[in-house]
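User: I'd like to go through this model with you and check what stands behind the labels. Can you take my questions one at a time?

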Amino acid sequence: MSALLAQVEIRERTEDTCVADNGFCPDWIVDNFDRYVDPFLEHVVLTVVAVAIGFGIAFSLALFAYRRRWLIDPVTQITGILYTIPSIAAFFLLLPITGRGFTTATVALVAYVLLIIFRNVLAGLDNVPGDIKDAGRGMGLTDRQLLWRVEVPLALPEIMAGLRIAATTTVGLATLVFFAGAGGLGEQIFADITFKSNVVVAGGLAVLLAAALDGLILLVQRAITPWETASLRSRPSRLLARRRAAVAR
Amino acid sequence: MNSPDSAQSPGPSPLSRSDAATLEFRSATKVYPGQREPAVGGLSLTVPAGEICVLVGPSGCGKTTAMRMVNRMIDITDGDILLDGASVKNRRPAELRREIGYAIQQIGLFPHLTVGDNIATVPRLLGWDKARIRARIDELLELVSLDPHETRDRYPAQLSGGQRQRVGVARALAVDPPLMLMDEPFGAIDPINRERLQNEFLRLQREIRKTVVFVTHDIDEAIKMGDRIAVLQQGGKLAQYASPAELLMYPANRFVEDFVGADRALKRLALQRVRDVDLWKAPLVRVGEPVAEARAKLGDAEVPYPLLVDGDARPLGWLSERGLAGERVEQELRSNPQPILDLDDVLRDALADLLSEEAQYGPVVDGRGAVTGVLSIEILSHALRSDPDEVPSGADAL
């Protein structure tokens, strides 16, 4: 219903032949760009909130299951089921509980990212080399100190990789949340699915958002894992060091 | 790096300047769940304070298990281990481990921390203040022959294998622990660097005098590093606990004999230096000396030829009959004093030198190059038969 209204709205505003032909019209895009700002922001908020909550839950579950290995299978199965439920079905299943709108959309998106993040955090922790854990324990780190000072930092590359997948897939999935009445770029796309200019701009913004989030998380990862890049830089500096040492002798 | 745990520690630890500890295994036994045979069965031995005790044996003999029971990385099934008379079983494992240096073959440096932060790990756990930690990092890096300015802020991936190993040792020494546990610490290093690191560690040990439990499967490393060697056989049974010399001279049983190897007599020569044996007197002559006097000197010497030396008693060559033909001693063109041996050479190297020169004997010189005596194959073969009580152990040989 709302889709129909929007369609009428877009058509009524113009007599341009390009628009009338549902074509790709740069002029129309420039004139009408502000109508995409709010849906875009909605999309950003939905994605960020869903990934943040999903990360909080999945990260906690992973830390918990890391020390209590028996939890891994049940958690994987449950989050696996949540992952496979089609989101549109999820929206309608949630309707009687959370109603239409932001909450329903967020719950469905969160449910979707849990498995991705859980698996990556756990894999990251499991991949910390045994000798490093052994050395840490042997020096007198408690389990908790070992986890937060050694294991979690060393798992960061994999944790962040999981976050990147989660963020980009959530951007795509969030184009469907208008079925739950939560707006977003999807609402714009479906507002006039035959109008190329509209689909290109709304869809393009979604792609841009996904790329931007991906790049942002990558930048954060680089910033918080300086040792990963340091080893790449080491070659010239090591040569230099050797030369300096030789001179000193 | 602040956690609730470090906040509990009340300021700088009292063990910051500790002496070496005495370590005692008292029928220490480890049986893994589901196994009938113990991995370590009733191990009893005492490591005196400040000595290196090497646990050596074939793989699966329980040497690493025995070592890991000391800092409770592996729990003791039966018996006890005492550190300065106090049972390790009464200690909280994490606290106990902070007082015991720990170095393993894979080193296990934290790749996400700089060298300085790696070394600072235990000091931070014990709540040292920043200035003290910083000073300690530099002090330790210098101790293990690394340049603090170059190394402190680098990540482990930026170091060579040998440098990483040194940082590992520095990290284990961070809070000056009274006991060090070292599990094949040089096992993953190439032979040349391993030899260097071994020598460096022995030099370091002469300074710091820690009690060290050193695990290796390499009998040569055990002989080189150990003040005492505990040879373990399958099931963690102690086959023999002795000084290197005694082990080589009197292997307790067939197992030890096989493990030490058929060349154990030769290995013993690595424990003694030239200065440790009774040298022959050298019949020294100088150019221009009357031949009659020179011949007189030969009379009570074990060597058949006189040794021509210069004014500072440095060897020039052995004289043959032709050199003694005239009125006075003359220098022979083809005379040759090789091999010249040093008082500080180990006997094995001296023997190798004699053999490679195809010589029966060679002049021995002191630090200034002056001849102090003659070493011969005969002396060496006598040394091989001598009693180990006269043989100093590896670390005391200097």
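User: How many bridges join strand β12 of chain B to strand β13 of chain B, and how do they run?

Analyst: Keep in mind that this is a predicted model. Three bridges join β12 (residues 307-309) of chain B to β13 (residues 315-318) of chain B, and the two strands run antiparallel. Pairing takes at least two bridges between the strands, so these two count as paired. For one concrete partner, B:Val309 bridges to B:Pro315 in β13(B).

User: What lies between β12(B) and β13(B)?

Analyst: Five residues, and the two strands form a hairpin. In the turn, B:Ala313 has a positive phi of about 70°.

User: Now the helices of chain A. Why are α6(A) and α7(A) called oblique to each other?

Analyst: The axes of α6 (residues 87-98) of chain A and α7 (residues 102-126) of chain A cross at roughly 130° and come within 9 Å. Roughly perpendicular ends at 115 degrees and roughly antiparallel needs over 145. The angle falls between those cut-offs, and therefore the pair is oblique. The crossing of α6(A) and α7(A) is right-handed.

User: Which residues make the contact of α6(A) with α7(A)?

Analyst: On α6(A) they are A:Ser87, A:Ala90, A:Phe91, A:Leu94, A:Leu95 and A:Thr98, and on α7(A) they are A:Thr103, A:Thr104, A:Val107, A:Ala108, A:Ala111 and A:Tyr112. Sorted by class, that contact has eight nonpolar, four polar and no charged residues.

User: What makes α4(A) and α7(A) oblique?

Analyst: Here the axes of α4 (residues 37-67) of chain A and α7(A) cross at roughly 40° and come within 7 Å. To be roughly parallel, the angle would have to be under 35 degrees, and roughly perpendicular starts at 65. The value sits between the two, so α4(A) and α7(A) are oblique to each other. α4(A) passes α7(A) in a right-handed crossing. By class, the contact of α4(A) with α7(A) has 23 nonpolar, two polar and no charged residues.

User: Back to chain B. What makes β2 and β5 of chain B edge strands?

Analyst: Each of them pairs on one side only. They belong to an open sheet of four strands in the order β2-β1-β4-β5 (chain B), with antiparallel pairing. The edges are β2 (40-47) and β5 (86-87) of chain B.

User: How do you know that β1(B) and β4(B) pair?

Analyst: There are five bridges between β1 (residues 23-30) of chain B and β4 (residues 78-83) of chain B, in the antiparallel sense. The cut-off is at least two bridges, so they pair. B:Phe25, for example, has B:Ile81 in β4(B) as its bridge partner. Helix α2 (residues 63-70) of chain B packs on the sheet, touching β1, β2 and β4 of chain B, and its direction makes about 120° with that of β1(B).

User: What is the pairing in the sheet of β14, β15 and β16 of chain B?

Analyst: Mixed, in an open sheet of three strands ordered β14-β15-β16 (chain B). Within it, β15 (residues 361-365) of chain B and β16(B) pair in the antiparallel sense over five bridges. B:Pro363 has B:Val374 in β16(B) as its bridge partner.

User: And where do chains A and B meet, at how many residues?

Analyst: 23 residues of chain A are in contact with 23 residues of chain B. On the chain A side, the elements giving two or more residues are α8 (130-139), α9 (143-173) and α12 (226-248) of chain A. That side has 10 nonpolar, seven polar and six charged residues.

Technical notes: Residues numbered from 1 in each chain as written. Chains lettered and ligands numbered in written order. Predicted model: local features only at pLDDT ≥ 70, side-chain atom pairs only at ≥ 80, totals over all residues. Contact = placed C-beta atoms within 7 Å. Nonpolar A, V, L, I, M, F, W, Y, C, P; charged D, E, K, R; others polar. Axes fitted to C-alpha atoms, helices over the stretch in contact; angles between N-to-C directions. Left-handed = near helix turned anticlockwise from the far one by under 90°.
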